[in-house]
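Student: I should like to take a close look at a single part of this structure. Please keep the account connected.

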Amino acid sequence: MTSVSSMSDEGTHHPVVLPCGLRCVPRGVDELATEHLVLNMGPQHPSTHGVLHVLVELDGEEVIAAEASLGYLHRGIEKLAESRRYHQVATLLDRADYISGLHTETAFALAVERLAGIEVPAKASHLRTLLMELNRYASHLVWLGTFGLDAGAMAPFLYIMRDREMILDVIEAITGSRMMFNYIRPGGVVADLPAGSEDKIRAWLAHADGWLDENDALLGGNEIFRLRMVGTGVIDRTTALAFGMTGGCLRASGVDYDVRRDVPYCAYPGLDFDVPLGSTGDNWDRYVVRIGEMRQCLRLIRQLLDSVPEGAVSAKMSRAFKPPAGESYAAVESPRGELGIHLVSDGGLTPYRLRLRSPAYFNLAVVDEALAGGLIADAIVTLGSLDIVLGEIDR
Amino acid sequence: MPALQAADALRAAGIPCEPAEETLGAVVRLDAARIADALEALNRAGYDFLVDLFGCDTGAAIEITWHVRAFGRHEDLFLKATVEYYGEAPSVWNIYPAALYPEREAAELLGMSFPGHPNPKRLLTVEGTEPLLRRSVLIRSAEEVRIP
């Protein structure tokens with residue numbers, strides 16, 4: 001409050017009362033000092049989806065700059081793989097992307113098979129594809145639920161987790177685990193579908209479409225949710241390509257690329273599915289593309305269930321398996337994008353060098369670009385729309 | 001033959017290189033000092049996407065791989081260059097911003113540097129962590145990982 005002073009001839013201040021009785025001139029706060037505020041989001045913060053630390057520089061509510069600080073979950077998986085036999089590596093890779101471990105396992109198995117020239121039985125490829133699609137659906141459900149939470153929608157999360165429980169029960173019946181599957185190994189898969197698992201999947205499928213529509217109506221059908229998504233967190237096509245983005249994030253920006261269709265692997269060449277595309281690359285497009293992918297997932301799972309081939313589930317693999325010296329690269333379309341394994345072998349019992357091309361790692365690098373210029377509340381939604389998994393980013 | 005075509009594009013830009021078709025795919029080996037020029041030439045030739053960048057300790061030096069892709073043609077190309085221990089390779093972030101993270105990671109994990117990187121901080125490890133070179137980090141021997 002500025003007190004009213006009158007300047008006397010001697011230059012001294014004397015408080016006065018105005019003739020109207022006011023003791024100060026109501027001139028407003030025009031000399032407020034402002035400065036940019038650097039805010040630490042995370043590493044323990046619900047909206048960072050794991051142990052991610054994002055530094056955001058704020059001017060009021062507007063984000064001026066952002067930087068992701070990684071490494072809180074770095075376990076040196078790539079280095080540890082150098083001292084594991086080929087059959088043991090899947091155990092480590094499950095812990096990289098812990099939401100969709102089956103994709104990482106498959107990428108590694110494909111890289112080893114490509115290097116060693118192993119023919120995988122048709123049934124093994126088929127089961128891999130079926131399990132990967134189930135896993136993709138479960139992973140997208142986690143994204144959908146947490147994305148809703150980021151935007152302030154609590155109820156859909158509870159419905160979505162009910163749906164996910166049923167898929168995890170099915171995956172557990174097949175692989176023996178809900179999270180760290182260790183099911184897909186070089187040469188094939190560990191075991192055939194147990195009796196009754198097809199019925200279990202069909203029992204879930206009977207509800208799945210209705211539940212997806214319900215969840216989509218709860219989130220996408222909500223005007224408030226929609227208004228927060230449209231036009232925020234825009235990542236245009238050029239930026240997405242420049243930062244090496246893949247998966248739903250890249251397709252939301254209008255780039256028509258899906259590893260399953262463009263560089264087919266496993267049983268995908270014989271399957272019929274569409275690749276949903278966005279156009280502007282905002283949060284709404286990323287939402288629509290992933291919901292579309294979930295519908296395609298259900299379509300793929302039905303096709304796969306109807307055509308399970310007969311035969312062995314694994315090629316004959318030596319327990320002391322050694323691929324020839326050389327290098328290979330194999331990629332799969334994980335729920336987050338192109339997940340590649342670059343394998344270097346010196347002909348020994350263990351990989352000489354294993355590189356995991358993590359899609360979320362590249363998708364996250366765009367945060368500086370995507371968050372700057374937006375509001376802090378939108379930054380949280382944008383971060384959620386990228387669908388990151390820190391286990392895979394930090395490795 | 002993407003390797004030969006890429007090599008032609010590089011030689012036209014005055015960059016010597018050795019193309020090869022391997023199990024990995026199209027591989028082009030060149031001098032690390034020329035990698036920024038090479039990637040600029042390849043970017044103009046349609047390789048508009050950096051898939052990955054990583055290093056491998058070969059026991060004699062560090063071999064860096066730049067994995068690029070021509071999206072329109074679905075062609076992948078692996079550029080490889082050898083850098084001596086604690087050596088350097090130019091940063092290519094201004095051609096492919098996707099290189100920003102992997103360059104920081106390769107720098108800290110293999111003890112090298114990428115001059116020209118705008119933010120050359122550590123990415124995954126804390127200050128003081130030794131590079132994970134094969135000679136300094138114990139790898140279990142073949143006997144230790146043998147089948148019991």
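How many bridges join S3(B) to strand S4 of chain B, and do the strands run parallel or antiparallel?

Tutor: In this predicted model, S3(B) and strand S4 (residues 62-70) of chain B are joined by eight bridges, and the two run antiparallel. Strands of a sheet pair through backbone hydrogen bonds, either parallel or antiparallel. Within this pair, Phe54(B) has Thr65(B) of S4(B) opposite it. Strand S3 of chain B spans residues 49-57 and is mostly covered, with nine of its nine residues buried. The hairpin that S3(B) and S4(B) form has four residues between the strands, and Gly59(B) adopts a positive phi near 100° there.

Chain A offers a further example of antiparallel pairing, in an open sheet of three strands ordered S3-S4-S5. Strand S3 (37-41) and strand S5 (62-69) of chain A stand at the edges; each has a single partner strand, so one side of each is left without a neighbour in the sheet. On average, and with direction ignored, neighbouring strands of this sheet are turned by 20° against each other. Strand S4 (residues 53-59) of chain A is connected to S5(A) by seven bridges, and these strands run antiparallel. Here Leu55(A) stands opposite Glu67(A) of S5(A). Helix H14 (residues 376-385) of chain A packs on the sheet and touches S3, S4 and S5 of chain A. The direction of H14 makes about 35° with that of S3(A).

Terms used. Residues numbered from 1 in each chain as written. Chains lettered and ligands numbered in written order. Predicted model: local features only at pLDDT ≥ 70, side-chain atom pairs only at ≥ 80, totals over all residues. Heavy atoms only, no water. Buried < 20%, exposed > 50% of the residue type's maximum accessible area, 1.4 Å probe, protein only. Pairing = 2+ DSSP bridges. Axes fitted to C-alpha atoms, helices over the stretch in contact; angles between N-to-C directions. Contact = heavy atoms within 4.5 Å.
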